[in-house]
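Hi,

Here is the structure I promised to pass along. Have a look at it first, and my notes follow underneath.

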Amino acid sequence: MASAELQGKYQKLAQEYSKLRAQNQVLKKGVVDEQANSAALKEQLKMKDQSLRKLQQEMDSLTFRNLQLAKRVELLQDELSLSEPRGKKNKKSGESSSQLSQEQKSVFDEDLQKKIEENERLHIQFFEADEQHKHVEAELRSRLVALETEAAQHQAVVDGLTRKYMETIEKLQNDKAKLEVKSQTLEKEAKECRLRTEECQLQLKNLHEDLSGRLEESLSIINEKVPFNDTKYSQYNALNVPLHNRRHQLKMRDIAGQALAFVQDLVTALLNFHTYTEQRIQIFPVDSAIDTISPLNQKFSQYLHENASYVRPLEEGMLHLFESITEDTVTVLETTVKLKTFSEHLTSYICFLRKILPYQLKSLEEECESSLCTSALRARNLELSQDMKKMTAVFEKLQTYVALLALPSTEPDGLLRTNYSSVLTNVGAALHGFHDVMKDISKHYSQKATIEHELPTATQKLITTNDCILSSVVALTNGAGKIASFYSNNVDYFIASLSYGPKAASGFISPLSAECMLQYKKKAAAYMKSLRKVQQSLEKISKLEQEKEHWMLEAQLAKIKLEKENQRIADKLKSTNSGQLVGLAQDNAAVSSGAGQDEAAAKAAAEPVQSTSLVPDVESREDLIKNHYMARIVELTSQLQLADSKSVHFYAECRALAKRLALAEKSKEALTEEMKLASQNISRLQDELTTTKRSYEDQLSMMSDHLCSMNETLSKQREEIDTLKMSSKGNSKKNKSR
């Protein structure tokens, strides 16, 4: 346990370490990425600084160039101012030179204008670049600060995780050392266990040899003594008496008792419902005391009057079924013969419902055609007509499934054992459907009664009858609900109890075998009772024998005491020399020796004699005899107990050997089946081999024939070639001669 806990703890720590290590790798990767981003930003910042310096240098060069140009312009202006008076004096001579200077001035002006515009454009670019550089630099600096703070946080997390990892590693190393020590101890224990297993294997081998010898001996005894194995065939096995399950029988009887109570309530409610329906026909829509009712209702009333002869047998059939389930029987579908009687009574009641259903529907139609019937009452009557049809259909469905459940006890081929569970489930569904139909009838009849009570022609007799019918319908609804819930609660037990039957078989083969099994069960019970009586008689005999031995010892002791007393009296008589006393003592001795052992034992028990003899040998002899017989009794009882224990042990060994024999027979059957399959496969393969061999031989023969034909064609072609050669030679000779 400790090693398992340490190993589990070690695994948990290793998992945590792996998780932290994965997180550390992620954090390291994030730090490296941020460092790479900061390095890239620094490089960008350097490049921006370089470009800024370059632009600054260009700006300086441009300002210097502008200054040079400005000085040059000033010089040119000075020269122009100096050349103007000279030009006035020498106009004629200097017209050509003035034109030339004017052209140069215009060129200089254009060049100056271009330089000014370029300078202005460069100033604007420099200002924009400076602003952009400042903005980028501020943004990069803020980002660099944020990245540095984030890197510091990551570094702190990494340091904390590293410390935690180091602590975890140190702890794991300590646990590893402890586990290594423990593994060494476990290895030592494993070596010891290996040695023990080797010893156990040797013992097992010896036991196996011993048991195999015993098995062979038992097999020979079984083959010689046992006439046949009745568990091998299901027909014989069905006649074996299964193990008695008293708890199962008590539970089944309890369930049957509850079902009987529910059926009795249901029968009472059905009787009330049919009887009060008959009374209602007599008073509505026409009161028979005032006027004559219709022939239809008269016939309907006559049929309803017979309801007790159809409903009462349901209770009687259920009662007989309950009485057939006792503690001593085996309750399965094959043995519940009384279920067939209940099914027949239910069938007769279904016939009664079918017989009265058309009259009931026509009676409701007659009520609808009456002048007292309103539209609401007519709608309720139509709903009740549908409900009555559903009620009859539900009873028919229930009767079908009950009849199917009664088939195994009468016709074994009528219902397969695999369908038992589905039929039981469908019975529960039919009962729930019956409950739903009764709820609808109760609802619709309550509405109908309410409407009829509001009619101005409603009499007190009609109101009372409707209330009675409604109470019987409510009782039917409650009874149906109780039966449905009761069956749903016990259907799983019914399905599970289907396997209760003969051992090592699928179930009872036929009702006849089930009946024979029950007879055998009664005989077995009587036999067990007789064995129990015999055992009790043997115990009584042993007790009586012990008492006999005891009283025989007591009688012998009393006899010895009497002899001692006689000897003492004789000695006294001899000492007193009284002849009369001697004769009396002899007479007493003769009478006492002729008396029975029981009288002597009774006298010894009633009047114990206190020996005053002075002879010690007699007392020691009494003790020796008593001790001898007591030791003999103890020895006999110990031998009897030893014999009982040996017989029990031998019986257990016989049972174990019988089980092993059954398993060996099963394995033998399986091996024989495998041998059959193997022989079939071998024969099939041999057939395939012969067929393939024949096909190959046919192909070879065809190929040889084809080769022969090819050789023949080749020989013919060679002959033709030879003839052609000969003819060509002859033609050539003729040509030569020509």
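**Cysteines**

Keep in mind that this is a predicted model. I started with the sulfurs: searching the whole structure turned up zero disulfides. Take Cys 200, which is in no disulfide; its nearest cysteine sulfur belongs to Cys 193 and sits 9.8 Å away. A pair counts as a disulfide only with the sulfur atoms within 2.5 Å, so Cys 200 and Cys 193, at 9.8 Å, do not qualify. As for exposure, Cys 200 is partly exposed, at a relative accessible area of 46%. Cys 468 also falls in the partly exposed class, with 22% relative accessibility. The cut-off for buried is under 20%, so Cys 468 at 22% is not counted as buried.

**The core**

Next, the inside. The largest nonpolar core has 69 residues, and Tyr 349, Met 391, Phe 395 and Met 438 have the most contacts inside it. Helices H4 (246-283), H5 (295-305), H6 (307-324), H7 (338-369), H8 (375-406), H9 and H10 each give two or more residues to this core. H4 provides the largest share, with 14 residues.

**H9 against H10**

Finally, one helix pair. Helix H9 spans residues 420-453 and helix H10 residues 460-496; their axes come within 9 Å and cross at roughly 160°. Angles over 145 degrees count as roughly antiparallel, so H9 is roughly antiparallel to H10. The H9 and H10 crossing is left-handed. Sorted by class, their contact has 22 nonpolar, twelve polar and three charged residues.

Cheers

Definitions and conventions:
Residues numbered from 1 in each chain as written. Predicted model: local features only at pLDDT ≥ 70, side-chain atom pairs only at ≥ 80, totals over all residues. Heavy atoms only, no water. Axes fitted to C-alpha atoms, helices over the stretch in contact; angles between N-to-C directions. Helix = DSSP H or I, 4+ residues; strand = E, 2+ residues; numbered from the N terminus. Parallel < 35°, antiparallel > 145°, perpendicular 65-115°, else oblique. Left-handed = near helix turned anticlockwise from the far one by under 90°. Nonpolar A, V, L, I, M, F, W, Y, C, P; charged D, E, K, R; others polar. Buried < 20%, exposed > 50% of the residue type's maximum accessible area, 1.4 Å probe, protein only. Core = buried A, V, L, I, M, F, W, Y, C linked by side-chain atoms within 4.5 Å.
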